Amino acid sequence: MKVEYNEEKKLFHLYNKHLSYVIGILRNGHLGHFYLGKRLYGPLSEDLFRRDQGRAAMPYVYEGDMGFSLNLERQEYPSYGTTDFRSPAIDIIQKKGSRIVDFKYDLHRIIQGKPPLEGLPSTRVSNTKDAMTLEIDLVDMVLDLKLTLCYTVFPDLPVVARSVRLENMGLETFNIDRIMSLSIDLFDDNWEWTQLSGDWARERYLRSVALRPGIQSIGSLRGASSAQHNPFVMLKRPETREESGEAIGISLVYSGNFLLQGEVNSDGVTRLISGINPEGFSWNLKSKEVFQTPEAIIAYSGNGIGPLSRTFHDLFHLYLIPEKWQKSPRPVLINNWEATYFNFNEEKILSLAKSAKSLGIELFVLDDGWFGSRNNDTQGLGDWFVNTKKLPGGIAGIAEKIESMGMKFGLWIEPEMVNKDTEFFKCHPDWLIGDPKRTYSHQRNQYVLDFSRKEVVDAIFDQLTKVLDDVPISYIKWDMNRNITEPFSSSLTAEKQGELFHRYILGVYNLYERLINRYPDILFESCASGGGRFDPGLLYYAPQTWTSDNTDAIERLKIQYGTSMVYPISSMGSHVSAVPNHQVLREAPLKIRGDVAYFGTFGYELDLTILSEEEMSEIRKQVEFFKEYRSLIHHGSFYRLLSPFENSGNETAWMVVSKDRSEAIVGWYQILANANRGLFKLKLTGLDSKKMYQISDHKEPISGSILMDFGILMNPAHTGLDLDNSYGGDYQSRIWTIKAV
Ligand code: DGJ
């Protein structure tokens, strides 16, 4: 891993053994993007990457010089109003109304390690040897503005983490209308754009389209990264597959309004930009103030989509989530939500916990309904004190009883929200987001607290610490069940209203930071009506996220498969729930419900006290099995084998291989049975072709080469009534465990 600057050639080369990233200082002092891809060797010079072009019908920068136009340059951080007419990365409105800026190279620093971003989550290293950072200062001399572009490379991963800082060194106040975290101009447009889109209960489905001239984008204006579009996009070549071909991914480490945009110009150059969504955003930057953008990660793979995903998985696991949770095992949990909803008392909770304990479950999570007058979703949010009618001994009482059974205790909160019928709202009716002269829309009967205000975050922090201090709590599920409408803050001046959405998310991050500092051993799981805020910003604090409110195993195949494009399976909350399933009323066998949930954090969310002996015994075996393989599942490398988004979508398969390739676990799932099907096979990936492996349902060891190049041979379903046929019937699944011998 290295960052080199060639003074004579005016080139920066950031590289490690997998990747090169080359930036040049163009002759007008702006930065040119020269290369992102496989590691380059040999001398580099500008001439290898760009040429002056004298083209007709083109504006040029210098008088008498028909060679240099920004419209023809691939750039690192383009601005508005230049000879480049594409979407800019930055747009600043000045006092006199002008938006013209001219940021020229001034200085740079190469730093061992990675400085944190003020107030924002970002990738981090505990040892400065694990990263190198390049900071390039660009200055607009007329405006006295300094723009610092930051780039970090890590030793073993083909990624660059980018962010931007703008410092007002002069006396004038500016309005930042747009300030992207990343901009990059790729050489061509022969790419397919893949995004993760959906909605509540069907989050992060894979969608791909070919790039076309003009602008294509995804984003959020909801105040959360959203279930509709995830802050991730992948470009892949048309011929790219799971384990072959080029792919580039961008992931924004941010949980609020975002934009990810691709723009193809008439020469087929593709500009990707990513950052805070400029729609509705503006930031008032006074003299001596600094604005810090969120971080964006750009990753490259020359060997397919699989390695690109594994790069993000490793990056998030090693350099984003809290260090403690990189190694500590994630507990198998029981969550009472789908078992009881709001209707519980201490007796019910303890009987659920007792059953869970007898099955080997390690953590009891008390979900919504324990506080204030929360007996349904019209009441209670904001009154973060226990409902003693339900839990006479308080949170301390129930937590201690559960701990004394030998289980850990966890609690649900939704700190950003309030119901009107609460003591909290009566004391602070003016703390909502919204315009007091207009209607406040609701979602799930709740309203959004103005987390851009410090006093609001402080008040919630104080209430929560009263509940959490001195109580044995090991886990918190932080939920968020609505998006922001009528974005207006009574505490911000007119020129600062455009800051509300970003300030809100900074308030959320601030509360996370304070809670984590106070309770460093608590495991946080983030949630937003399921996966409505599944993003790297929150992974920085909460290493796991409730993937979706949809707990049906068949539906989860697409949701978990799509999510795995960028997020590690150790971050995906996955529970076995009851049948008929509460979201789709499907009756999938307990086996497939377990087999799908294994590939996540794993837990249960159903009333264990009403299950049959047979079901209890199957669950006991599932828990035992998961505990045996959890370290492999959470620390190994994830490989996708069959996609639920391709062919008929009837089959899905994936596997996890330990980093040393000595162990693996494979999951195969089939939705509907096939009549009279011939022999079929499942090709594995990621093993060592030279090793011999013992596979769970075979007598003799099989070589990695046969498992990967031929595959596991599978018996088809027979026609006729054959109740013993293990591949017959709908909703089938198989798990194989594999060990090198
Ligand atoms: C939405 C979450 O996604 C559910 O898991 C549950 O916690 C409910 N909220 C509780 O209101």
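# From a buried serine to the ligand shell and the aromatic pairs

Ser-570 is buried, with a relative accessible area of 3%, which is under the 20% that marks the limit for a buried residue. The structure to which Ser-570 belongs is a predicted model, and every value given here is to be read with that in mind. The position of Ser-570 is in a loop, the one running between α11 (553–563) and β29 (572–573). When residues up to four places away in sequence are left aside, Ser-570 touches His-317, Arg-330, Pro-543, Gln-544, Thr-601 and His-634.

The ligand offers a second point of entry. It is surrounded by 13 residues, the closest being Asp-367, Asp-368, Lys-477, Asp-479 and Asp-549. Sorted by class, this shell consists of 6 charged, 4 nonpolar and 3 polar residues. Several side chains come within polar reach of ligand oxygen atoms: for Asp-549, a polar side-chain atom lies 2.3 Å from one such oxygen, for Asp-367 the distance between a side-chain N or O atom and a ligand oxygen is 2.7 Å, and for Trp-412 a polar side-chain atom is found 3.0 Å from an oxygen of the ligand. Taken alone, the ligand would expose 290 Å², and the protein buries 98% of that area.

Helix α6 (residues 394–404) can be taken next, with Gly-394, Ile-395, Gly-397, Ile-398, Ala-399 and Ile-402 as its buried residues. In an α-helix there are 3.6 residues a turn, so residues three or four places apart point the same way. The cover over the buried residues of α6 includes α5 (346–358), β22 (363–366), β23 (408–413) and α8 (454–468). Just after α6, the backbone at Gly-406 adopts a positive phi of about 95 degrees.

Towards the start of the chain, Ile-25 belongs to strand β3 (residues 19–25) and is buried, with a relative accessible area of 7%. Leaving out residues up to four places away in sequence, its contacts are Tyr-5, Lys-10, Phe-12, His-30, Leu-31, Glu-46 and Tyr-105. The C-alpha atoms of Ile-25 and Leu-44 are 13 Å apart, with their positions 19 residues apart along the chain.

Phe-12 and Tyr-105, both touched by Ile-25, lead on to the aromatic residues. A pair of aromatic rings is described by the distance of the centres and the angle of the planes. Over the whole structure, a search finds 40 aromatic pairs. In the pair of Phe-12 and Tyr-105, the ring centres are 6.3 Å apart and the planes stand at 55 degrees, so the pair is tilted. Phe-12 is part of strand β2 (residues 11–15) and Tyr-105 part of strand β6 (residues 104–112), so this pair ties together parts that lie 93 residues apart in sequence. Phe-12 is buried, with a relative accessible area of 0%, whereas Tyr-105 is partly exposed, at 24%.

Another aromatic pair, formed by Tyr-512 and Tyr-541, is stacked, with 5.2 Å from centre to centre and 20 degrees between the planes. This pair, too, links distant parts of the chain, as Tyr-512 lies in helix α9 (residues 500–518) and Tyr-541, 29 residues away, in the loop between α10 (536–539) and β28 (544–546). Both Tyr-512 and Tyr-541 are buried. The two tyrosines also belong to a cluster, in which ring pairs link Trp-478, Tyr-509, Tyr-512, Phe-524, Tyr-540 and Tyr-541.

Definitions and conventions:
Residues numbered from 1 in each chain as written. Predicted model: local features only at pLDDT ≥ 70, side-chain atom pairs only at ≥ 80, totals over all residues. Heavy atoms only, no water. Helix = DSSP H or I, 4+ residues; strand = E, 2+ residues; numbered from the N terminus. Buried < 20%, exposed > 50% of the residue type's maximum accessible area, 1.4 Å probe, protein only. Contact = heavy atoms within 4.5 Å. Near = heavy atom within 4 Å. Polar contact = N/O pair within 3.5 Å; in protein donor to acceptor, adjacent residues only side chain to side chain. Areas by Shrake-Rupley, 256 points an atom, 1.4 Å probe, with all protein chains shown as cover. Nonpolar A, V, L, I, M, F, W, Y, C, P; charged D, E, K, R; others polar. Phe/Tyr/Trp six-rings, centres within 6.5 Å; stacked < 30°, edge-to-face > 60°.
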